[in-house]
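Open the model in your viewer and keep the selection tool at hand. Each stop below says what to select and what is there.

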Amino acid sequence: MSETDSLYLTSIEKYIVEIDSFYNKYSQVKQPKIIFIEYQDYLSKIPDSISGYRVQKIGLGNRKKIFKKNKGELRYVKIFPLTIKDGQFNITLIPYFAELKRKKHLFLSLSDWTRVIFEFKNGRLNYAKTENGGI
């Protein structure tokens with residue numbers, strides 16, 4: 001893994017901490033240990049398992065099959081490319097409640113977001129903090 005790949009891995013690990021914390025605090029329902037992420041080339045080296053969660057990458061080739069297996073509904077996470085804002089490096093993860101209807105129409109309902117922030121120190125990017133927000 002390159003340094004950039006490890007930033008995406010760290011971001012997913014921090015997102016997992018956030019969702020575990022949320023479900024432990026607010027839900028009596030057992031959290032499924034799977035994360036469905038939208039496939040992007042910059043996520044190609046993300047492993048299939050992170051912090052006890054299975055990571056399933058969804059692309060056009062397997063989207064229909066995955067949604068069918070999950071009764072047409074699942075939590076679909078978009079991980080946006082690394083950006084720079086105010087001298088900080090950010091990776092934003094947005095989970096959506098997703099429904100696939102009529103085989104081709106994907107409906108997304110936004111719930112909240114997680115932004116993982118990195119700072120450049122001593123010649124490398126280091127994790128700084130995690131921010132959350134809602135709509």
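Select Ile35 first. Leaving aside neighbours within four places in sequence, Ile35 is in contact with Tyr15, Ile16, Ile19, Tyr53, Arg54, Val55, Gln56 and Val77; contact means heavy atoms within 4.5 Å. This is a predicted model, in which local features need pLDDT of at least 70 and side-chain atom pairs count only at pLDDT 80 or more, while totals for chains, interfaces and linings use all residues. Residues are numbered from 1 along each chain as its sequence is written, and side-chain values use heavy atoms, with hydrogens and water left out.

Next, add Ile46, Ile79 and Leu93. Together with Ile35, these have the most contacts inside the largest nonpolar core, which has 22 residues. Such a core is a set of buried Ala, Val, Leu, Ile, Met, Phe, Trp, Tyr and Cys residues joined through side-chain atoms within 4.5 Å; buried means under 20% relative accessible area (1.4 Å probe, protein chains only). Now colour α1 (3–26), one of the elements that give two or more residues to this core. The largest share, seven residues, comes from α1. Helices (H or I, at least four residues) and strands (E, at least two) are DSSP runs, numbered from the N terminus.

Move to Thr92, in strand β6. Is Thr92 buried or exposed? Thr92 is buried, because its relative accessible area is 15%. Leaving aside neighbours within four places in sequence, its contacts are Lys78, Ile79, Phe80, Trp113, Thr114 and Arg115.

Definitions and conventions: Buried < 20%, exposed > 50% of the residue type's maximum accessible area, 1.4 Å probe, protein only.
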